[in-house]
Amino acid sequence: MLSLRSLCLLKVSSLQLSYEEDKVPSNLANELNKMKLFNGNFFGQEEYVYNTVEQIEHQAAKEQVLTIQYQGEGTWAFGICHKCDTCSYRTCDGKGHCGKKPERQEFVLRENETCDSEAVFTIVKGLSRFKATVLIDLMRKKNRYQQQVSTVLTFESGNMPDSGRLVLTTSAVLETGKVICCKFWVNSHSESSPVFSCSVTVTLGACSTPTMLKTGEIPFILTECQATAKEAFPETITECEYIDGGDLANGQEEE
């Protein structure tokens, strides 16, 4: 439950009331600035191609909505909704799960605090929808890495006034000794919409050992939208078109 302070801050932020920073306590001005920079709903769409066993190409799209809400006092709430517009062997299992049905994740993080292991996999599942596909394998091996995965959120003030960056860092130690570090970045400035990206680094053992993979920041486009992740994609879902063992199941998808 939100505190009275958080409710008041969110109300002031939603009304977009102007104020002079030198006449407002600095801690309150900082809280309101974070809300101004990051709070909102963001929509993304990614097109891809998958091939059936007959090598027939099918065009498809994945859609996501991300909701970010800074609630004050170092607490951030996230909502993610994801769906595909086509059934395929990659998105449906033929046993009731259909990729066209919206899938939602919600989680709350506090700045500079490591969340518990169970919550990490909710975060991993949500963030894997945004170019961070390396995290999908962690989901498939959830039980194996239950105690070796962590996520930490940090906020960094920007070099320019009214700017800042959110970083969600997920680290995992694999059985092979590899260490995966996936970072989800949100850069924001008051004069423009937030810019999103992710990066992946894989090392063998400690950070001082050779780097096996380093992608740099991979940008992806999300645009502001009205619907929250909780409200997104309300349309009725039709019957799943995927048949276990059929052509779609044997196809190969090209991202």
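**A walk through the model, starting from Q71**

Leaving aside residues up to four places away in sequence, Q71 touches L2, S6, M35 and A77. Please keep in mind as we go that this is a predicted model. Q71 has its place in strand β2, and with a relative accessible area of 12% it is buried. That value falls under the 20% that marks a residue as buried. K34 lies 37 residues away from Q71 along the chain, yet the C-alpha atoms of the two are separated by 9.3 Å.

One of the contacts of Q71 is S6, and S6 takes us to helix α1. This helix runs over residues 4–15, 12 residues in total. From its first C-alpha to its last it reaches 17 Å, close to the 16 Å expected at 1.5 Å a residue. Which residues of α1 are buried? They are S6, L9 and L10. These three cover an arc of only 100° around the axis, so they sit on the same side of α1. The general geometry helps here: an α-helix has 3.6 residues a turn, so residues three or four places apart point the same way. L4 and K11, on the other side of α1, are exposed. And what do the buried residues of α1 pack against? Their partners are α2 (26–38) and β2 (57–72), the latter being the strand that holds Q71. After α1 comes Q16, with a positive phi near 55°.

Further along the chain, let us turn to a pair of strands. Strand β5 (residues 149–157) and strand β6 (residues 163–173) pair in the antiparallel sense, over nine bridges. Within this pairing, E156 stands opposite R165 in β6. The two strands form a hairpin with five residues between them, and D162 in the turn has a positive phi of about 55°.

Now for the cysteines. How many disulfides does a search of the whole structure find? The count is zero. C240 is a good case to look at: the nearest cysteine sulfur, that of C98, is 3.6 Å away. A disulfide needs the two sulfur atoms within 2.5 Å, so C240 is in no disulfide. C240 is partly exposed, with a relative accessible area of 28%, whereas C81, at 0% relative accessibility, counts as buried.

Finally, a word on confidence. The protein chain has a mean pLDDT of 79, and 78% of its residues reach 70 or more. Over residues 245–255, however, the pLDDT is below 50. Beyond near neighbours in sequence, this stretch has 37 contacts in the model.

Technical notes: Residues are numbered from 1 along each chain as its sequence is written. This is a predicted model: local features need pLDDT of at least 70, side-chain atom pairs count only at pLDDT 80 or more; totals for chains, interfaces and linings use all residues. Side-chain values use heavy atoms; hydrogens and water are left out. Buried means under 20% relative accessible area, exposed over 50%, partly exposed in between (1.4 Å probe, protein chains only). pLDDT is the predictor's confidence in each residue, from 0 to 100. Contact means heavy atoms within 4.5 Å. Helices (H or I, at least four residues) and strands (E, at least two) are DSSP runs, numbered from the N terminus. The expected span of a helix is 1.5 Å times one less than its number of residues. The arc is that of the directions from the helix axis to the C-beta atoms. Two strands pair if DSSP finds at least two bridges between them.
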